[in-house]
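The following note is offered to a colleague who is meeting this structure for the first time. Its points are numbered for ease of reference.

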Amino acid sequence: MSEAALYTRLTGADETPEIAEVRNGLRHVVAQSLNKLADGLIDPKLVLSWLLGAMGAPGVLIGALVPVREAGALLPQLALSRVLARRPGRKRFWATGAALQGVAALSIGAAALSLTGAAGGLAVLAALAVLSVARAGCSLSHKDAVAENVPKTRRGAVTGAGTSLAAAAVFLFGAGLATGILPLTVATIAGAAALAGIAWILAAGVFMTLDETARETSPPEGERLGALFKPLREDAALRRFVAVRACLAVTALAPPFLVMLAGGQGAGGGADAGAQALASLGPLVLASAAASIVTGYLWGRIADRSSRRALMASGGLAALVLGVAAMLGAMTGGLGGIAGAVATMFMAQLAYGGVRQARKLHLTDMTTRETRAGHTALANTVIGVALLAGGLLGLLADFAGPAAALALSSALAVLGAVLAYGLDEVQGRDA
């Protein structure tokens, strides 16, 4: 199959795309596949949580994994946007961030093999913090890079194809853990972290081969950092988008509470429940990866038609799944065994993937070449603060149980879906 035929099949393009778009689009798919593969191999919500538990790290460090990973990738973006504005290209910026993530992932693997207890947990958390800041640069520059190389109506399919290909590989990883082909040991997870590091370094190399047109730089000379919040004050559409995204951020924060219920911890299951939660890692990774496989294709195509409707649908699905999980947790203290936990995690991750895919595409398509990086950084910085505030869900879980945290998450997802109804249809605009 030729490159053009493969690209056309992946994106569903009606007309034959230009060769430059085909080559750049396929490079995006490969780089995205490697990037998402690395993400899945050291997912903080599942894999790193298990790793720190197996290393004997304190619970407070395990609870900090998701906030550090998510907020750390968002909060630096407003400052980084000023650096990016001085750069004529985007591929070098993204590749540098990917390479740094690779080094940080290799460090996580090394810490897992050489340290235990609080020292090991702190070392992993420190490496994750470095990884998250590097990821901030990737997130900031990626939307511009995709918009530069891939036209509207095909951007979601390109990024979705990469997500699905990576998820298939992560599915095999989860299957290996679930069946015992891969022993569920610290050494195995350390090896997965090392493989993630290699994948990110390879992704950096692939991204550097993009054909990129240099753009005019616009250094914000004399502009205070606080002035970058001006678009949020003046642009009602951007404010609504940020509000939608803040509400739907619960889809990223909820999985640890599902893991708690999967181990029966909502019922005070004690040591046996903790062991059950650790033993369920393979099936839960399988569920998450299977959802990502479906997500990449399904939500990418839906979002290409209407990212607004994709946000509404994925937010509504999240509200339903998290609400049902909260009810089950309150009534039974669990999710109905491993089968129930796997089904719930699959649906929750399906909703999360939809939110993630749709909100990225919506922001890409609602902005212009001149405003995209700044608006992305602004939105991500605000969401980073919201994610830190989302750490209060953990306190609620400690005080009232994971079912209560899931109930509140469901309510916020409902609000996010309702707010998404008022977003503009941006797929019809010019890029």
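1. A search of the whole structure, which is a predicted model, finds 0 disulfides. A disulfide is a covalent bond between the sulfur atoms of two cysteines. In this search, a pair of cysteine sulfur atoms would count as a disulfide if they lay within 2.5 Å.

2. Two cysteines may be considered individually. Cys138 has a relative accessible area of 4% and is therefore buried. Cys247, with a relative accessible area of 10%, is also buried, because the cut-off for this class is under 20%.

3. Phe173 belongs to helix 8, which covers residues 155–179. Its relative accessibility is 9%, so Phe173 counts as buried. Leaving aside residues up to four places away in sequence, Phe173 touches Leu41, Val47, Leu182, Ile189, Ala192 and Val285. The C-alpha atoms of Phe173 and Gly40 lie 9.2 Å apart in space, although 133 residues separate the two in sequence.

4. Helix 15 (residues 281–305) packs with helix 16 (residues 307–332) at an angle of about 135 degrees, and their axes are 5 Å apart. Helix 15 is therefore oblique to helix 16. On the side of helix 15, the contact involves Trp299, Ile302, Ala303 and Arg305; on the side of helix 16, it involves Ser307, Ala310, Ala313 and Ser314. By class, this contact of helix 15 with helix 16 has 5 nonpolar, 2 polar and 1 charged residues.

Notes
Residues are numbered from 1 along each chain as its sequence is written. This is a predicted model: local features need pLDDT of at least 70, side-chain atom pairs count only at pLDDT 80 or more; totals for chains, interfaces and linings use all residues. Side-chain values use heavy atoms; hydrogens and water are left out. Axes are lines fitted to C-alpha atoms, for helices over the stretch in contact, and angles run from 0 to 180 degrees between N-to-C directions. Helices (H or I, at least four residues) and strands (E, at least two) are DSSP runs, numbered from the N terminus. Angles under 35 degrees count as roughly parallel, over 145 as roughly antiparallel, 65 to 115 as roughly perpendicular and the rest as oblique. Contact means heavy atoms within 4.5 Å. Ala, Val, Leu, Ile, Met, Phe, Trp, Tyr, Cys and Pro count as nonpolar, Asp, Glu, Lys and Arg as charged, and the others, Gly among them, as polar. Buried means under 20% relative accessible area, exposed over 50%, partly exposed in between (1.4 Å probe, protein chains only).
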